Amino acid sequence: MTVVHEAPVGGEVPEIPADARGRVAELHELREKVRRGPSEKATEAQHAKGKLTARERIELLLDEGSFREVEPLRRHRATGFGLEAKKPHTDGVIVGWGTVHGRTVFTYAHDFRIFGGALGEAHAQKIHKIMDMAIAAGAPLVSLNDGAGARIQEGVTALAGYGGIFQRNTKASGVIPQISVMLGPCAGGAAYSPALTDFVFMVRETSQMFITGPDVVQAVTGEKISQNGLGGADVHAGVSGVSHFVYDDEQSCIEEVRYLLSLLPQNNREMPPTVLSDDPVQRRNDSLLDLVPVDGNRPYDMRKVIEEIVDHGEYLEVHERWATNVLCVLARIDGHVVGIIANQPQSLAGVLDINASEKAARFVQMCDAFNIPLVTLLDVPGFLPGVDQEHGGIIRHGAKLLYAYCNATVPRISLILRKAYGGAYIVMDSQSIGADLTYAWPTNEIAVMGAEGAANVIFRRDINGAEDPDAMRAQKIKEYKNELMHPYYAAERGLVDDVIDPAETREVLASALAMLRTKHADLPSRKHGNPPM
Ligand SMILES: CC(=O)SCCNC(=O)CCNC(=O)[C@H](O)C(C)(C)COP(=O)(O)OP(=O)(O)OC[C@H]1O[C@@H](n2cnc3c(N)ncnc32)[C@H](O)[C@@H]1OP(=O)(O)O
């Protein structure tokens, strides 16, 4: 049978089957043709690059057999540059919804085999429709990106199509989770939309993101660089911070998207999904005493502390390779999702710098938007001093983290493990900026700065005028430590709610989180704040 839609432009129009059965058969034939896509050769070329087709990706993302496609028969109506003769069904993007772990998820996937996945008017309208549906239904949106940006032949209508996506990305921000999975070379608009979403996933070697490709870069600046060198997965996961997660292959990448979705609510009116945990909340954390050295200058791996505290030691680390001096992870305590922000003493001693501030600020903001309580683990020597940092705007970037915490209305608990100095102590969810509960281990030191630095400033005259300046300095450091830097100084003033045995950490956090589950807090009515972006 010849499908009527086979030859829409010119040529002889085939007969429409007269009976209902014939028409149904025609429909199935058409569906099968659309499902197969443009050609076997194009599919082979996609596979040869180590990439899956759009439909294969959707199958990996969604629960088996749950995908319902929208507008599979859509075609563009553009003219010029030979487009009249090239009108493939789907117009290069497959859109629809299905379920992930039984919950509704909307998705769209660029089909690189059609116009290199480039976005034209019809293609854009399909994405707009699915985004509107996701917002209306209050369900997450996952984009599977493998597209060359604006479709060059369609000019300004393609550009306008991107505008509509950006506008919807922004409207959906903080309303439904938006996840961008980068699975091919994504240029121009195809890179900007992901930047507006909550999470960006990339795959090594096969995915790239850039505003302008290597050829344009070379023409404008003279710099010669490969696609991966300019905007590959490792660059964006480790240098620019554009990507939150990076994987070696598409299968493991998409599997992790499913895991992330299991930790997020459907929308901002829901709580994240809880599970029944068989990891007892009373489980003692005796190993923490040996894990964290008392000497504040000795490094250790904060990930091990997190593993010890959370259910079954399981967590998902966001931005694992970027700004490694701060850790941002999603995990569960007593089956309930929490967002943990922690200094990492084994990277730059856990200081806050420009990138760490920005990373943590975005994470705090995301958690607050999606009703995920915050647990902050402090072991911070301060903000990183230096000309580069000051000139790079550490004040402005550090303020982002301060703003994000001050603005967060979800339950907020902070725990000071060892030291918390200066502005970094205030910023990292101190009681004074609105933490609901603040705890400290008996090893904690909260102060404006370390004792050595403090003594050099406030006892400078005594030290310089002494017969033995070194002995005087040592004495003054000791005095300062004994007076101000003992664990109970803050507790006596009510600035920490309790000093706890490290072995009780999990139990204390779990009970505080349980108490705060019914917390309700409102911010003053306003159009929106004016954060230092
Ligand atoms: C707002 C904006 O989005 S501006 C950005 C506009 N987009 C761009 O500048 C990107 C232009 N394209 C490219 O640089 C490259 O095609 C890449 C890097 C994306 C992919 O490179 P390759 O993997 O080598 O694929 P290749 O270049 O062969 O493209 C595959 C097909 O898509 C087509 N294609 C690629 N980009 C576009 C585009 N933007 N518009 C229309 N068709 C395109 C190609 O003509 C080719 O078609 P064919 O199979 O019929 O020959």
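## Reading cavities and a helix face

Me: Which strands each supply at least two residues of the lining of the second largest cavity?
Reply: Those are β4 (141-145) and β5 (178-182). Keep in mind that this is a predicted model. β5 accounts for the largest share of that lining, 3 residues.

Me: How is empty space found in a structure, and how many cavities of 30 Å³ or more does a search of this one find?
Reply: The general idea is friendly enough: rolling a probe the size of a water molecule over the atoms shows where empty space is left. Here, searching the whole structure turns up 3 cavities of 30 Å³ or more. The largest has a volume of about 50 Å³, and the second largest about 40 Å³.

Me: Which elements give two or more residues to the lining of the largest cavity?
Reply: They are β3 (103-110), α5 (155-172) and α6 (189-195). α6 gives the most, with 4 residues. Among the lining residues are Y108, I127, Y162 and S193.

Me: What classes of residue make up the two linings?
Reply: Around the largest cavity there are 6 nonpolar, 4 polar and no charged residues. The second largest cavity has 3 nonpolar, 6 polar and no charged residues in its lining, including Y108, N169, Q178 and S193.

Me: Turning to α9, which of its residues are buried?
Reply: In α9 (residues 233-240), the buried ones are A233, H236 and A237. Viewed down the helix axis, they fall within an arc of 95°, so they line one face of α9. Their packing partners are β7 (199-203), β8 (208-210), α8 (227-231) and β9 (245-247).

Me: What happens just after α9?
Reply: G241 takes a positive phi of about 80° there.

Methods
Residues numbered from 1 in each chain as written. Predicted model: local features only at pLDDT ≥ 70, side-chain atom pairs only at ≥ 80, totals over all residues. Heavy atoms only, no water. Buried < 20%, exposed > 50% of the residue type's maximum accessible area, 1.4 Å probe, protein only. Arc of directions from axis to C-beta. Contact = heavy atoms within 4.5 Å. 1 Å grid on protein atoms, 1.4 Å probe; cavity = no way out; pocket = protein on both sides within 12 Å on 5 of 7 lines; lining within 4 Å. Points joined across faces, edges and corners; volume = space filled by probe spheres on them. Nonpolar A, V, L, I, M, F, W, Y, C, P; charged D, E, K, R; others polar.
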